[in-house]
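Trainee: I've got a model open and would like to talk through how it's put together. Can we go over it piece by piece?

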Amino acid sequence: MAASREIDIDIASFIDHALLSPQATPQMVERWCEEADRFHFAAVCVAPAWVRQAAKLLHTKRPKVCTVIGFPTGATTGAVKLYEAQEAVENGATELDVVINIGALKAGMTNEVHREIAEIVEETGQLVKAILETTLLTDAEKKLAAEICLDAGVAYLKTSTGFNGGATVADVRLLAEIAKGQVGIKASGGIRNPEQALDLIVAGATRLGTSRGPDIIRMREQKSVVSSGVVEE
C-alpha cells in the first residue's frame, strides 16, 4: 500500500519552502521564491527581514508568503511579537508562524500564552500557525499548548522551529487527535526525504516546513523513474 499511497499524494502542495538560516541573503530569497513557484509549493517561509522582497517576487504567483514571529525562542514580549507580526503583514506576509512563549507555558501562565496568540490573530487578520516546540514539551504540555492555541483562533498547530529538534510522527498524530480537524497541522524540522514527508502526511500533517523541498521532490521523481511506475500492493 505504501507505493500506491506515494503516487496519490502530491507532496509539493504541502510544502512551506523554508529559508530561515541567519546566513540567508537576498540572492537566496530570490532562489527560494523561484523554486517555490516552479515546484508549486504552498508557501515560502522567510525571516521578517526578507518578507517585502518575497512578496514582490511572488506577487500574482501561487505560493503564499509566510514569515516567523518571535523566532526561534518565543521569549520576546507580547508587544514585540504583535508589532513584528503587524509589520510583516504590512510588508506582504499572509501567513505567520508564531512561536509561543514556552517558558510561560511551563510556568502555568496560560493566560499570557493565550493573550499573545489571540492578539496576533485578531489584530492581523491573517493565517496564524502556532509553533509549540513539541520537542521541549511533555505530552501533557503539548495538549495544553494546543488547546490554548485552538481557543486563541489559530489556523494551524505547528510542531517545531527546527532549532531544538524536529517533527515526529507521534507528535503530528497527537496534535491531529487534539485538533479533530478544526485546524491544520504543520510538521517542521528534520524533513529531508519523501519517506519522512509521506509518513508525516499520513499521520495528519497538512503542511510540511522544510528547506529541502526541491530535493524531496527530485528524490521522489527519481524513485518513480527507477520503479518504472510499477505499483506493489
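Mentor: Sure. One definition to start: the expected span of a helix is 1.5 Å times one less than its number of residues. Also keep in mind that this is a predicted model.

Trainee: What span does helix 7 reach from its first C-alpha to its last?

Mentor: Helix 7 has 14 residues. At 1.5 Å a residue, 20 Å is expected. The model comes close to that, with a reach of 20 Å.

Trainee: Which residue just after helix 7 takes a positive phi?

Mentor: Helix 7 covers residues 139–152, so look just past its end, keeping the helix numbering by DSSP runs in mind. The phi there is about 100 degrees, and the residue is Gly153.

Trainee: Which helix gives the largest share of the largest nonpolar core?

Mentor: That core has 68 residues, and Ile11, Leu96 and Leu208 are among those with the most contacts inside it. Its largest share is 6 residues. Buried residues such as Ile148, Cys149 and Leu150 sit in one helix, and the share comes from that helix, helix 7.

Trainee: How are the strands of the closed barrel paired, parallel or antiparallel?

Mentor: The barrel has 8 strands, running 1-2-3-4-5-6-7-8. The twist averages 25 degrees from one strand to the next. Strand 1 and strand 2, for instance, pair over 4 bridges, and the pairing in the barrel is parallel.

Trainee: At what angle does helix 8 run to strand 7?

Mentor: Helix 8 lies across strand 6 and strand 7. Helix 6 lies across strand 3, strand 4 and strand 5, at about 165 degrees to strand 4. For helix 8 against strand 7, the angle is about 165 degrees.

Key:
Residues are numbered from 1 along each chain as its sequence is written. This is a predicted model: local features need pLDDT of at least 70, side-chain atom pairs count only at pLDDT 80 or more; totals for chains, interfaces and linings use all residues. Side-chain values use heavy atoms; hydrogens and water are left out. A nonpolar core is a set of buried Ala, Val, Leu, Ile, Met, Phe, Trp, Tyr and Cys residues joined through side-chain atoms within 4.5 Å. Buried means under 20% relative accessible area, exposed over 50%, partly exposed in between (1.4 Å probe, protein chains only). Helices (H or I, at least four residues) and strands (E, at least two) are DSSP runs, numbered from the N terminus. Two strands pair if DSSP finds at least two bridges between them. Axes are lines fitted to C-alpha atoms, for helices over the stretch in contact, and angles run from 0 to 180 degrees between N-to-C directions. Contact means heavy atoms within 4.5 Å.
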